[in-house]
Amino acid sequence: MSLHYGDPQIAIAAVFAALAFLLAGVFLVIGVQAGSEVAFERVHRVGYWLRKRWLVLLLVVGVLAVGISLFDLPYASGNAAGRTVVKVTAGQFFWSLVPGQVPAGTQVRFDVTSVDVNHGFGLYDPRGHLIGSVQAMPGYHNDLDLNLTEPGVYRIRCLEYCGLNHSTMDGSFTVVGR
Amino acid sequence: MEAATAAPASPVIHPRAAAFTVEARGIERRIGLLFAGTGIALVALLGVFGLLMRLTQATVLGLSPAWFYRLMTLHGAGMITGTLLAMMGALWYVLHASVPLRTGRMLASYALVVTGALCVLVATLFGGFGAGWTFLPPLPFYPAGQWPVWSESLFFVGLLLVGSGFFVYCIDVLEQTTATYGGLVRTLGWQFLRGREDEAPPPQAIAATVVAIDGLLAMASGTAIVVGLLGRTYDAGVGINALVAKNLVFFFGHSIANLVLYLAAAAIYVLIPRYAGRPYQTTKVFVAGWAASLVFIATAYSHHLYMDFVQPTWAEIGSEIASYAAVIPVAVITIYSMAMLVWGSRYRWTLASTLLYVGLAGWAIGGTGAVIDSIIPINFRFHNTVWVVAHFHTYLMMTVVLWVLAFLAHLLERDSGITSSRAARAWTIGLLLVGGYGLTGTWFVGGALGIPRRYAIQPAGTSGYSLVGSIFALLFALGFLACLAQLAPLARAAWKRRRHVLVEHMDSWTGTRYTRPAPRAEADPSPAANPTPPRRGVPLTGPAQLGLGLAICIVALAAFFPQVVDASEASTRYHHLDHAGHFLLGIMAGLLLGSTPAISRRLGERPTLGLAAVLAAPVLMMLVMVPRFYEPLERHPFEHALYHLAMASCGLVAGLGATRLGLVAGRFAAFLAVGMALMFAAAMTGA
């Protein structure tokens with residue numbers, strides 16, 4: 001299964017690209033202006049006026065970004081009632097999922113742990129989109145809640161460096177159409 | 001305290017800058033060259049290894065996964081060490097004029113860091129160690145047949161040495177800045193912020209102090225976990241709490257990588273004004289910003305644990321806030337202020353100044369990529385993809401590496417009085433920009449595609465990204481070489497002109513500018529010109545503080561009560577916590593004794609011995625907590641009691657040593673020693 005760009009990823013990359021080009025443009029303009037002579041008093045006056053607005057803008061963006069993010073935290077809450085628990089065990093260099101398949105539309109709780117070192121449970125949907133990840137840690141169980149609606153074979157790749165065969169440590173999980 | 005003489009107008013710096021630029025002393029130039037030269041050599045070597053890795057991912061080369069991960073481990077550890085070393089030199093170079101940092105300490109720091117780097121090099125290339133430079137426990141102990149025990153141990157010893165070198169540096173900076181400016185509160189400019197003083201220390205001194213404090217915190221965390229892992233190397237009975245260990249590793253690793261940038265920031269506060277011809281001075285906003293950085297540098301690290309869902313949710317959200325908040329001082333103060341200095345300044349474009357300016361953009365762009373990734377729901381889809389590789393390479397390659405080159409170029413330009421041709425600079429900067437952003441661009445795109453990081457073998461159909469990335473990496477390497485090629489003639493000219501400088505003059509009749517050699521106005525090398533500050537003090541001053549110390553000692557005595565000792569046998573962690581109590585008792589007793597005027601006078605100054613004690617005693621204390629070492633000592637209750645006394649003795653040595661480091665650094669060193677004992681107790685469990 002090959003990888004494909006997911007919609008959220010494309011949107012985020014586009015926002016980043018726009019900001020990066022904007023910043024590059026700003027630095028280009030400042031660089032060009034650096035050759036001219038402007039009284040430092042004027043640079044101070046205008047610069048500090050602008051800096052206050054820049055600070056306010058960053059604060060507003062920060063409050064909005066953090067605030068909105070709180071509505072979409074991936075952390076599982078409450079008990080697993082109503083969910084199908086899939087026990088995920090990682091080890092050098094394998095994934096074990098029990099059960100290995102669920103019907104489409106199932107609310108799944110992946111109960112993820114490791115028998116040896118840290119691994120990363122990266123779940124790719126049947127179209128090759130990375131839909132989320134959680135760490136597999138020795139001595140701990142991380143719960144990841146997902147609603148899997150799309151039938152097909154989901155691929156698991158290791159998203160935490162775990163040794164020699166890290167890049168070939170993959171597994172699969174099937175969502176069966178109803 | 002600007003003791004050095006003002007520099008004559010140099011043709012390479014801005015004419016207005018002569019008014020506020022001090023002439024560099026010989027020792028500053030030599031230290032700067034040593035650190036920058038070694039740093040660049042490491043960056044060049046490890047850059048080649050990075051290219052080999054990218055070519056392997058592109059399937060152009062056929063490195064085995066075992067070799068890929070050896071190189072990956074070395075590349076990460078070595079790049080951080082190389083850039084750290086260069087930026088330590090840069091900060092020393094710009095700070096020494098106003099703060100009398102000790103040359104001996106700096107050379108000791110160099111020896112420790114370089115020896116540590118050599119240990120890491122041998123452990124990876126010859127020992128095969130390949131657990132990554134973040135060595136997430138317990139991975140080092142699951143080698144999959146790839147590395148022997150000695151290479152693990154050597155890697156950890158190497159890290160300890162590098163960390164000790166940085167520790168020595170940070171202690172010296174903290175000791176000397178606080179002694180120069182009269183205590184921590186004044187040094188950080190907080191008295192100025194509150195309007196109680198009209199003047200604040202210069203920007204580089206405030207920034208250096210913040211870096212030193214956060215650096216020491218990070219080193220304490222790193223030392224606690226690395227000593228624990230070293231113990232585990234020799235005793236499989238030592239268990240590790242994976243979550244606590246991960247917190248400690250990232251507190252150390254993230255902070256140290258981040259601090260390279262902040263070290264560099266402190267240096268550019270001095271370097272960019274020299275090309276813009278405008279001084280950069282401390283303002284209240286600057287002080288407030290660095291106070292915020294002091295907190296957020298130390299707390300942002302845990303965004304590395306977003307996907308460890310067992311980490312308390314409040315900690316994850318706190319980390320998200322801290323990660324964003326850490327950006328604000330950088331964006332509003334450092335980058336913005338430097339851009340303000342440059343705007344309309346008739347900026348002197350030289351090789352160094354161009355690299356300095358271009359590096360600002362790298363921090364802004366790479367930082368944006370990092371901030372995006374620090375939003376938890378976004379991180380859920382980008383965690384440990386190559387997006388992470390993209391953003392940290394943007395500010396490490398396109399900022400830190402460029403500033404390392406800029407620092408060396410600045411040293412050579414100042415000494416030679418010349419810079420490279422405009423065409424050569426344009427080609428070089430062009431190659432660096434296209435190559436650098438092209439390479440990181442392929443990672444950004446790959447991250448959006450979900451390509452995992454640290455894959456020796458890329459997922460099917462994605463090696464093309466690595467191929468394109470390799471081509472860009474080659475362009476960057478060409479730019480790097482072109483830069484070095486331009487530095488070579490500057491170095492030759494600097495060597496020829498080491499006894500004089502070129503001074504720019506203007507013909508008053510014709511208005512034309514010309515240069516003429518003048519004898520180098522070497523800054524006054526006498527101790528009187530840059531005296532060791534007199535106020536050092538001891539950690540506990542006055543009856544109230546001595547009384548408090550005594551009270552803590554009495555409370556800590558509880559760690560020896562048989563009931564407490566018996567109860568602590570319930571788990572390894574509690575037992576280690578009890579040992580931390582013994583250690584605390586020793587430290588407080590050492591602080592009390594060493595702070596008592598009569599004993600303090602008898603002990604004498606002995607700052608080097610004090611530093612050695614605060615470095616070695618906590619490490620020894622943690623090492624003897626390894627069961628294989630202490631079990632033979634616990635066969636009899638009397639031996640067991642003696643063993644606990646040994647813990648307290650280690651603390652006593654550390655406490656006495658701390659009193660030789662002055663009031664601020666001494667208190668801080670004692671606090672860190674106790675902190676290390678507690679972190680060790682939290683991370684190490686039974687088998």
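1. Strand β4 (residues 106-114) of chain A pairs with β7(A) in the antiparallel sense, over seven bridges. Within this pairing, A:Gln107 stands opposite A:Asn147 in β7(A). This is a predicted model, and the points below should be read with that in mind.

2. The pair just described belongs to an open sheet. That sheet has four strands in chain A, in the order β2-β1-β4-β7, and its pairing is mixed. At its edges are β2 (94-98) and β7 of chain A, each of which pairs on one side only. On average, neighbouring strands of this sheet are turned by 25° against each other, direction ignored. As general background, strands of a sheet pair through backbone hydrogen bonds, and the pairing may be parallel or antiparallel.

3. Chain A has a further open sheet, made of five strands in the order β3-β9-β8-β5-β6, and its pairing is also mixed. Which strands stand at the edges of this sheet? They are β3 and β6 of chain A; each has a single partner strand, so one side of each is left without a neighbour in the sheet. Here the average turn between neighbouring strands is 25°, direction ignored.

4. The individual pairings show how the five-strand sheet is assembled. Strand β3 (residues 101-103) of chain A runs parallel to strand β9 (residues 170-176) of chain A, and three bridges join them. One residue of β3, A:Val102, stands opposite A:Val175 in β9(A). Strand β8 (residues 152-158) of chain A, by contrast, runs antiparallel to β9(A), with six bridges between them. In this case A:Tyr154 stands opposite A:Phe173 in β9(A). Towards the other edge, β5(A) and β6(A) pair in the antiparallel sense over six bridges. There, A:Leu123 has A:Gly132 in β6(A) as its bridge partner.

5. The domain assignment divides chain A into domain 1 (7-72) and domain 2 (84-176). How many ångströms separate the centres of domain 1 and domain 2 of chain A? The separation is 38 Å, taken over C-alpha atoms.

6. The two chains touch each other. The contact takes 70 residues from chain A and 65 residues from chain B. On the side of chain A that touches chain B, the elements giving two or more residues are α1 (7-33), α2 (40-69), β5 (119-124), β6 (130-136) and β7 (142-148) of chain A. Of these, α1(A) gives the most, with 14 residues. Sorted by class, this side of chain A has 38 nonpolar, 25 polar and seven charged residues. The student may note that β7(A), an edge strand of the four-strand sheet, and β6(A), an edge strand of the five-strand sheet, are both among the elements on this side.

7. Attention now turns to the helices of chain B. Two packed helices are described by the angle between their axes and the distance between the axes. Helix α8 (residues 242-276) of chain B and helix α10 (residues 313-342) of chain B pack at an angle of about 10°, with their axes 9 Å apart. That angle makes α8(B) roughly parallel to α10(B). In the contact, B:Ala265, B:Ile268, B:Ile272, B:Pro273 and B:Ala276 in α8(B) meet B:Thr334, B:Met338, B:Leu341 and B:Val342 in α10(B). By class, these residues are eight nonpolar, one polar and no charged.

8. A second helix pair in chain B consists of helix α22 (residues 637-659) and helix α23 (residues 663-683), whose axes come within 7 Å and cross at roughly 160°. Are α22(B) and α23(B) roughly parallel or roughly antiparallel to each other? They are roughly antiparallel, because angles over 145 degrees are counted in that class. Their crossing is right-handed. The residues that meet are B:Ala654, B:Gly655, B:Ala658 and B:Thr659 in α22(B), and B:Gly666, B:Ala669, B:Ala670 and B:Ala673 in α23(B). Five residues of this contact are nonpolar, three are polar and none is charged.

9. Helix α22(B) also packs against helix α18 (residues 572-595) of chain B; the two axes come within 6 Å and cross at roughly 35°. The crossing of α18(B) and α22(B) is right-handed. Their contact has 16 nonpolar, eleven polar and no charged residues.

Definitions and conventions
Residues numbered from 1 in each chain as written. Chains lettered and ligands numbered in written order. Predicted model: local features only at pLDDT ≥ 70, side-chain atom pairs only at ≥ 80, totals over all residues. Contact = placed C-beta atoms within 7 Å. Nonpolar A, V, L, I, M, F, W, Y, C, P; charged D, E, K, R; others polar. Pairing = 2+ DSSP bridges. Axes fitted to C-alpha atoms, helices over the stretch in contact; angles between N-to-C directions. Parallel < 35°, antiparallel > 145°, perpendicular 65-115°, else oblique. Left-handed = near helix turned anticlockwise from the far one by under 90°. Domains from an automatic or database assignment.
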